[in-house]
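Okay, thanks for coming, everyone. I'd like to walk you through one model today, so let me put it up on the screen.

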Amino acid sequence: QVQLVESGGGLVQAGGSLRLSCAASGRTFSRYVMGWFRQAPEKERVFVASLTLSGDSTYYADSVKGRFTISRDNAKNTVYLQMNSLKPEDTAVYYCAARRVVTSNYEYWGQGTQVTVSS
């Protein structure tokens, strides 16, 4: 069982930056693939970024590539999402998620943190 708690959301002007954090409970954090997803109002939740157990390999949605960076600190049981050059279309609730390597479905989800980008 993994519990995830996001933080770092807020209101920022277009072109600004935010860093989201996701703290995970448990001693097996390093065994989970971690990802970030987002859900804009009246839209489905979509993939933003993910990274492997060691953090050596990262994956991004085309819409955020070059602007967002995902990273993890296994010693702190935390995954981060650095968001730069934010755009109004990045406005959404951002969710942290975790899954075991053996499954393709994310099994654990945080409660979400709101990111609002004003124009």
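I'll go through the sheet, the disulfide, the core, the aromatic rings and two loop residues.

Quick housekeeping. This is a predicted model, so keep in mind that local features need pLDDT of at least 70 and side-chain atom pairs count only at pLDDT 80 or more, while totals for chains, interfaces and linings use all residues. Residues are numbered from 1 along each chain as its sequence is written, and side-chain values use heavy atoms, with hydrogens and water left out.

Let's start with the sheet. There's an open one of four strands, in the order β1-β3-β8-β7, and the pairing is antiparallel. Strands here are DSSP runs of E, at least two residues, numbered from the N terminus, and two of them pair if DSSP finds at least two bridges between them. β1 (4-7) and β7 sit at the edges with a single partner strand each, so one side of each has no neighbour in the sheet. On the β1 side, four bridges join β1 to β3, and L4 has A24 as its bridge partner in β3. Over at the other edge, β7 and β8 pair over six bridges, with S71 opposite Y80 in β8.

Now, β1 has a nice alternation. L4 and E6 point to one face and are buried, while V5 and S7 point to the other and are not. Buried means under 20% relative accessible area, exposed over 50%, and partly exposed is in between, using a 1.4 Å probe and protein chains only.

Next, how many disulfides does a search of the whole structure find? Just one, where a disulfide is a pair of cysteine sulfur atoms within 2.5 Å. This one joins C22 to C96, S to S 2.1 Å. The torsion about the S-S bond is about -80°, so the disulfide is left-handed. C22 is in β3 and C96 is in β9, 74 residues apart. C22 is buried at 0% relative accessibility, and C96 is buried at 0% too.

On to the core. The largest nonpolar core has 30 residues, and those with the most contacts inside it include L4, M34 and W36. By nonpolar core I mean buried Ala, Val, Leu, Ile, Met, Phe, Trp, Tyr and Cys residues joined through side-chain atoms within 4.5 Å.

Then the aromatics. Ring pairs link F37, F47, Y106 and W109 into a cluster. Rings of Phe, Tyr and Trp (its six-membered ring) pair if their centres lie within 6.5 Å; planes under 30 degrees apart are stacked, over 60 edge-to-face, and the rest tilted. F37 and F47 have ring centres 5.7 Å apart and planes at 80°, so that pair is edge-to-face. F37 is buried at 11%, whereas F47 is partly exposed at 30%. R45 joins in as well: its charged end sits over the ring of W109, 3.8 Å from the centre, and over the ring of Y95, 5.1 Å from the centre. For that, NZ of Lys or CZ of Arg has to be within 6 Å of the ring centre and within 35 degrees of the ring normal.

Last stop, the loops. Most residues other than glycine have a negative phi. E42, though, has a positive phi of about 65°. E42 is in the loop between β4 and β5 and is exposed at 87%. S85 has a positive phi of about 50°. S85 is in the loop between β8 and β9, and is partly exposed at 42%.
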